[in-house]
Amino acid sequence: MNAEFVWRSVSEALDAVEDREAFLVRLVLLTALDHLDADQLTGLIAEARDAC
C-alpha cells in the first residue's frame, strides 16, 4: 500500500463522516494499537502537530 492510496482513503473517509475529529482520534488509536508503541505514537503526533 503506498502513501498516495492511504492519503486518498483517509481523505474520502473524512469527507464521508460528520464528526471528523472523532474519526481521526479513532483512526489514530486503532492504528496505534496495531502498529506502534507509545513512544512512536507520541513522536508521530508531535510531528503532525508541528506540520500543521
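Student: How do the residues lining the largest pocket divide into nonpolar, polar and charged?
Tutor: Keep in mind that this is a predicted model. The pocket in question has a volume of about 600 Å³, and among its 17 lining residues, Leu24, Leu27, Val28, Leu44 and Ala48 are the closest to its centre. The lining divides into 14 nonpolar, 1 polar and 2 charged residues.

Student: Which element gives the largest share of that lining?
Tutor: Good one to ask! Two or more lining residues come from each of α1 (3-16), α2 (20-35) and α3 (38-51). The largest share, 6 residues, belongs to α3.

Student: Let's turn to charges. Which residue meets Arg8 in a salt bridge?
Tutor: Side chains of opposite charge can pair when their charged atoms come close. The partner of Arg8 sits 4 residues apart from it in helix α1, so about one helical turn separates the two. That partner is partly exposed, with a relative accessible area of 42%. The N to O distance is 2.8 Å, and the residue is Glu4.

Student: Is Asp15, the partner of Arg20, buried or exposed?
Tutor: Arg20 and Asp15 form a salt bridge with their closest N and O atoms 3.5 Å apart. Arg20 counts as partly exposed at 42% relative accessibility. Exposed means over 50%, and Asp15 has 60%, so Asp15 counts as exposed.

Student: How many salt bridges does a search of the whole structure find?
Tutor: We have met Arg8 with Glu4 and Arg20 with Asp15. Arg49 also pairs with Asp50, at 3.7 Å between the closest N and O atoms, and both of these residues are exposed. For the whole structure, the search finds 3.

How values were computed: Residues are numbered from 1 along each chain as its sequence is written. This is a predicted model: local features need pLDDT of at least 70, side-chain atom pairs count only at pLDDT 80 or more; totals for chains, interfaces and linings use all residues. Side-chain values use heavy atoms; hydrogens and water are left out. On a 1 Å grid over the protein atoms alone, a cavity is a set of points where a 1.4 Å probe fits but cannot get out, and a pocket is an open set with protein on both sides within 12 Å along at least five of seven lines; lining residues have an atom within 4 Å of a point. Grid points are joined across faces, edges and corners, and a volume is the space filled by probe spheres set on the points. Ala, Val, Leu, Ile, Met, Phe, Trp, Tyr, Cys and Pro count as nonpolar, Asp, Glu, Lys and Arg as charged, and the others, Gly among them, as polar. A salt bridge is a side-chain nitrogen of Lys or Arg within 4 Å of a carboxyl oxygen of Asp or Glu. Buried means under 20% relative accessible area, exposed over 50%, partly exposed in between (1.4 Å probe, protein chains only).
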